[in-house]
Amino acid sequence: MDIQFSVVIPLYNKEKYVAQTLKSVIRQTYQNFEIIVVNDCSTDNSLGVVQAIDDSRIKTIEHSENKGLSASRNTGIKAAAHSFIAFLDADDHWDSSFLETISNLIKKYPKESVFATHYRENYRGKIILPKSKLPTRTKGKSLVINDFFKVNLGRLILTQSCIVVHKTVFEQIGYYDENVTFAEDIDFFVRCFHTYDLAYFNDVCHTQNVALIGSLTETSTKNKTYPALEKYQIEDDSQLKFVHFY
């Protein structure tokens, strides 16, 4: 089974971090991928840092105006040459085994369309492993999660940078909501996992950098547009209790 990935990296003012992000992709043990960097009108030298990395698999797309994170992801999805779309924020990075782990999930669960691994959080050098409600016996193993919302009562077991989605999912449930400017990943997860199961590897393959200068967690949410979760008709309202904004 020839699995090819399109890695979508939205980019806005991440010149201090994007080189490490790209190198974490280039150093993957599984090498069948393209990288699509969507520059959302960065005002620093982010684009210059990307262009200085010599790898023919890196493609850059430039927005003519700042459109936001959701629009940047959508641009990358629509430009992707391959069916499996992997997302990586420009200040996060993968372990070298990430894509190989995902490719093994795809082979093991060929009927599934959404794949992910667990993650660690880096708070400016302090590493934290978010607690999971998955059974201890599943640590280091793969499984299919049928009730995503029940498992995620509390902390999420994945981030936007450790999820891989087949293109057909977007055709079915729609793209990222470009009107949402905060917690757009939550909006997508609600729509996605109301329809699809999650093939999951219960071990860490990704580092989410938290509280970096200029990151979403360091900026005010006062003028942000939150997802209107009430618009989704979900039979059991308790399924939404896992949603929290931080």
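User: Which residue is joined to the side chain of Asn-202 by a polar contact of 2.8 Å?
Analyst: This is a predicted model, in which local features need a pLDDT (the predictor's confidence in each residue, from 0 to 100) of at least 70, side-chain atom pairs count only at pLDDT 80 or more, and totals for chains, interfaces and linings use all residues. Residues are numbered from 1 along each chain as its sequence is written, and side-chain values use heavy atoms, with hydrogens and water left out. A polar contact is a pair of N or O atoms within 3.5 Å; within protein, one must be able to donate a hydrogen and the other to accept it, and residues adjacent in sequence count only if both atoms are side-chain atoms. The side-chain partner of Asn-202 at 2.8 Å is Thr-138.

User: Is Asn-202 buried or exposed?
Analyst: Asn-202 belongs to strand β10, residues 198–210; helices (H or I, at least four residues) and strands (E, at least two) are DSSP runs, numbered from the N terminus. Beyond four places in sequence, its contacts (heavy atoms within 4.5 Å) include His-118, Leu-134, Thr-138 and Leu-143. Buried means under 20% relative accessible area, exposed over 50%, and partly exposed in between, with a 1.4 Å probe and protein chains only. Because its relative accessibility is 6%, Asn-202 counts as buried.

User: Which residues have the most contacts inside the largest nonpolar core?
Analyst: A nonpolar core is a set of buried Ala, Val, Leu, Ile, Met, Phe, Trp, Tyr and Cys residues joined through side-chain atoms within 4.5 Å. The largest such core has 67 residues, and its largest share, six residues, comes from helix α7 (residues 184–193). The residues with the most contacts inside this core are Phe-5 and Phe-193.

User: How many residues of α7 are buried?
Analyst: Elements covering the buried residues of α7 include α3 (69–79), β6 (114–123), α6 (167–173) and β10. Among those buried residues are Glu-184, Asp-185, Arg-191 and Phe-193. The helix is largely enclosed by the rest of the structure, because the number of its ten residues that are buried is ten.

User: How many degrees around the axis do the buried residues of α1 cover?
Analyst: In helix α1 (residues 18–26), the buried residues are Val-18, Thr-21, Leu-22, Ser-24 and Val-25. They lie on the same side of α1, because their arc, taken from the directions from the helix axis to the C-beta atoms, is only 155 degrees.

User: What is the relative accessibility of Tyr-12?
Analyst: Tyr-12 sits in the loop between β1 and α1. Not counting residues up to four places away in sequence, it touches Asp-40, Cys-41, Ser-42 and Asn-66. Tyr-12 counts as partly exposed because its relative accessibility is 37%.

User: What percentage of the residues in the chain is buried?
Analyst: The chain has seven helices and ten strands. Among its contacts with a separation of 6 or more, 79% link residues 24 or more positions apart. Of the 246 residues in the chain, the buried share is 54%.

User: What is the mean pLDDT of the chain?
Analyst: Residues 215–222 stay under a pLDDT of 50, with 13 contacts beyond four places in sequence in the model. Residues 236–246 are also below 50, and this stretch has 24 contacts beyond near neighbours in sequence. Where pLDDT is low, the predicted coordinates should not be read in detail. Across the chain, 85% of residues reach 70 or more, and the mean pLDDT is 89.
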